[in-house]
Amino acid sequence: MVNEATEMVIRNLTQTEPTPFYLYDLKKIRERIQLVQMRLSSDFEVFYAAKANSHKKILETMKTENLSVDVASMGELNRALAAGFSVDKISFTGPGKRTDELIKAAELGIGGIVVESEAELIELDGVAGRLGKRVAVVVRLSPMQRVGHIGRLIVDEPTQFGFDESSFESLVMCLSKTRNLDLIGTHSHVQSQILHPEYVVKNFEFALEASLLFQTKLKTFGKFKPAKDKFRIALGGGIGIPYSAKSEAFDFDRFAVGLRQLTARYGGAGPLGVPMRFAMELGRYLVGESGYFVSKILREKTVHSRGRRLKFAIADGGYSHCQIACGVGQPIRTNLPFSLLKSDKGRWGGGSEIVSIAGPTCYTQDILVREASLEGIRAGDWLVVENVGAYGKQFSPTTFLLQPEAAEYFVGEE
Ligand SMILES: Cc1ncc(COP(=O)(O)O)c(C=O)c1O
């Protein structure tokens, strides 16, 4: 449930601004970053995955808090530069980078281009050669297995991402033919939205083992010269946030203990004889819980059908503005935590009436809240869906039915 200070900000905004809109709390984001930085060793590099939310103010916050940033398109790269990130703090990931994106990243000399296929490696080598530059590359490795959301071990089908273990030798051969690339590390990202610290640590172990295997193959091949005094192992992300009022928050302290044990076990110089420097890439954990999506209830109606009585409230924002609230991208569709602010200044206090809150479009998935017990919901009340600071607006094409765009507001600026 939103706290009183946030409620006041939202109520004030609704007096002057049209709904739907997003509100982000930058203070909460800063506090989350500081928690992460305090619990990890200072040698651990933290990247913000800009895909989670690439709003300029959010990127500026990440920059001010001294994080690195991972981008996945020219658009995100330009935003990161505009937010003031120095090029050495930027990495660029994605299986389908266009040639103009490779050229720009190479020209700028960004901190690491994460290569995902042999064809990309060869193309990038050519780009670097034509520019007369050496280009720093990281290879993306796909471990053979991962732990899923509920702790089950999953052996993956092949994916479009990176190199799986069966292709490491071929990758090493391909790397050895390049002339203009400096290999500075490996990168993996296997699973998102995990709420159990031990599962994330286990996935990091899989990523680390894949990196060690790759480094061993590189060493065996014998031609590798370390490009830097440290070899970066980016272990990925995966930390989840509560997408249901019943979920528990991720216990970062427990995670940090497990991570320390893991890196102590494997740390030091790797098979290449170069000290390994660890990194991780976080998106939703840094910004997700700081975002609110606010829409207004336009109308209500009660449907009597097949022996059931169900009330629908229709809001002015939904699927086109906040897909994640409608279940898109969630492993299991749940109602996100939400609050109902009543127009008469009261707050929703539960109740026995079963109500679904739908968005305004003619799409059956446009349901923000499915069958919750809500008493007395009325046109003019405001629905506040919580924990949508990541993959909220960015993930929601207003091109669908040409709905008006949701504006974005901020509190907690310094
Ligand atoms: C390569 C990579 N890194 C990091 C992330 C961030 O994931 P999350 O926002 O779940 O932390 C993603 C998400 O898809 C990703 O693809």
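Trainee: How many nonpolar, polar and charged residues does the shell around the ligand have?
Mentor: This is a predicted model. Its shell has 3 nonpolar, 4 polar and 4 charged residues. Ala49, Leu282 and Tyr391 are in the shell, and Ala, Leu and Tyr count as nonpolar. Lys51, Arg140, Glu281 and Arg284 are there too; Lys, Arg and Glu count as charged.

Trainee: And what makes up the polar part?
Mentor: His187, His189, Ser192 and Gly283 also surround the ligand. Residues outside the nonpolar and charged lists count as polar, Gly among them.

Trainee: Why is the pair between serine 192 and the ligand called a polar contact?
Mentor: The cut-off is 3.5 Å between N or O atoms. A polar side-chain atom of serine 192 lies 3.0 Å from a ligand oxygen, so the pair qualifies.

Trainee: Which ligand atoms do glutamate 281 and tyrosine 391 face, and at what distance?
Mentor: For glutamate 281, a polar side-chain atom is 2.3 Å from a nitrogen of the ligand. For tyrosine 391, the value is 2.6 Å, to an oxygen. Both pairs are therefore polar contacts, being within 3.5 Å.

Trainee: How much of the ligand's accessible area does the protein cover?
Mentor: The protein covers 89% of the 390 Å² that the ligand has on its own. The space the ligand takes is the largest pocket.

Trainee: What span is expected for helix α8, and what does the helix reach?
Mentor: Helix α8, residues 197–221, has 25 residues. The rule is 1.5 Å times one less than that number, so 36 Å is expected. From first C-alpha to last, α8 reaches 36 Å, close to expectation. Glycine 222 follows α8, with a positive phi near 85°.

Trainee: What makes the bond between threonine 19 and proline 20 cis?
Mentor: Omega there is about 0°. Proline 20 sits in the loop between α1 and β1.

Technical notes. Residues are numbered from 1 along each chain as its sequence is written. This is a predicted model: local features need pLDDT of at least 70, side-chain atom pairs count only at pLDDT 80 or more; totals for chains, interfaces and linings use all residues. Side-chain values use heavy atoms; hydrogens and water are left out. A residue is near a molecule or strand if one of its heavy atoms lies within 4 Å of it. A polar contact is a pair of N or O atoms within 3.5 Å; within protein, one must be able to donate a hydrogen and the other to accept it, and residues adjacent in sequence count only if both atoms are side-chain atoms. Accessible areas come from the Shrake-Rupley method with a 1.4 Å probe; for residues, only the protein chains shown count as cover. On a 1 Å grid over the protein atoms alone, a cavity is a set of points where a 1.4 Å probe fits but cannot get out, and a pocket is an open set with protein on both sides within 12 Å along at least five of seven lines; lining residues have an atom within 4 Å of a point. A molecule sits in a cavity or pocket if more than half of its atoms lie within 2 Å of its grid points. Helices (H or I, at least four residues) and strands (E, at least two) are DSSP runs, numbered from the N terminus.
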